Amino acid sequence: MLLLGSGAQSLLRLIFAALTARLVSPADTGVFQLALSAVLLMSALADPALTEVTVRRGSQTARSRSTFFWVNLVLALIIALAIIAASARIADGFGQPGARPLLIALSVLPVIAALALGPFGERR
């Protein structure tokens with residue numbers, strides 16, 4: 001079942017990339033990919049792997065799963081705020097000032113990822 005879900009995600013990414021390539025200019029696509037890469041890199045570097053621990057450990061109490069959820073959510077909010085605060089420097093560092101609004105918009109991704117794991121430690 002996990003393989004099917006992973007395959008579906010890959011297919012959706014491919015479809016999204018194809019549609020984006022048709023609808024958006026190459027320069028704008030590059031700026032978007034740059035902003036997305038920066039956000040995903042910052043999210044990965046700050047991820048304490050609590051989500052994986054929560055999912056893998058099935059014998060936890062409801063309270064500990066709830067604690068993991070809230071810690072993940074707070075960390076995701078901190079990451080989002082850090083991305084917003086650093087968006088001008090990141091965009092300037094890449095020489096793409098147009099990436100700043102995209103960085104700000106994409107800063108919600110870590111929060112969405114944290115919310116994907118409900119307060120009871122089960123993927124929804």
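Rings of Phe, Tyr and Trp (for Trp, its six-membered ring) make a pair if their centres lie within 6.5 Å, with planes under 30 degrees apart called stacked, those over 60 edge-to-face and the rest tilted. By that yardstick, the structure holds 2 aromatic pairs. One of them joins Phe69 and Trp70: the ring centres sit 4.9 Å apart and the planes meet at 75 degrees, so this pair is edge-to-face. Phe69 is buried at 6% relative accessible area, whereas Trp70, at 48%, is partly exposed; buried means under 20%, exposed over 50%, and partly exposed in between (1.4 Å probe, protein chains only).

All of this comes from a predicted model, in which local features need pLDDT of at least 70 and side-chain atom pairs count only at pLDDT 80 or more, while totals for chains, interfaces and linings use all residues. Residues are numbered from 1 along each chain as its sequence is written, and side-chain values use heavy atoms, with hydrogens and water left out.

As for confidence, pLDDT is the predictor's own score for each residue, from 0 to 100. The chain averages 79, and 77% of its residues reach 70 or more. Of the elements, α5 has the highest mean pLDDT, 91, and α3 (residues 50-56) the lowest, 61. Where pLDDT is low, the predicted coordinates should not be read in detail.

The fold is helical on paper: 6 helices and 0 strands, running α-α-α-α-α-α from the N terminus. Helices (H or I, at least four residues) and strands (E, at least two) are DSSP runs, numbered from the N terminus. Buried residues make up 28% of the 124 in the chain. Counting contacts as heavy atoms within 4.5 Å, residues 24 or more positions apart supply 67% of those with a separation of 6 or more.

Ser107 sits in the loop between α5 (99-106) and α6 (109-115). Ser107 is buried, at just 2% relative accessible area. Beyond its neighbours within four places in sequence, Ser107 touches Ala80, Ile83 and Ile84.

On the outside, the chain exposes about 8,400 Å², 70% of it from carbon and sulfur atoms; areas are Shrake-Rupley values with a 1.4 Å probe, and for residues only the protein chains shown count as cover. Leu11, Leu12, Leu14, Ile15, Leu19, Leu23 and Val24 form a nonpolar surface patch, with about 710 Å² of accessible area together. Such a patch takes residues with over 30% relative accessible area and no salt bridge, nonpolar side chains (Val, Leu, Ile, Met, Phe, Trp, Tyr) being joined within 5 Å and like charges within 9 Å; a salt bridge is a side-chain nitrogen of Lys or Arg within 4 Å of a carboxyl oxygen of Asp or Glu. Leu12, one of the patch residues, belongs to helix α1 (residues 2-23) and is exposed at 57%.
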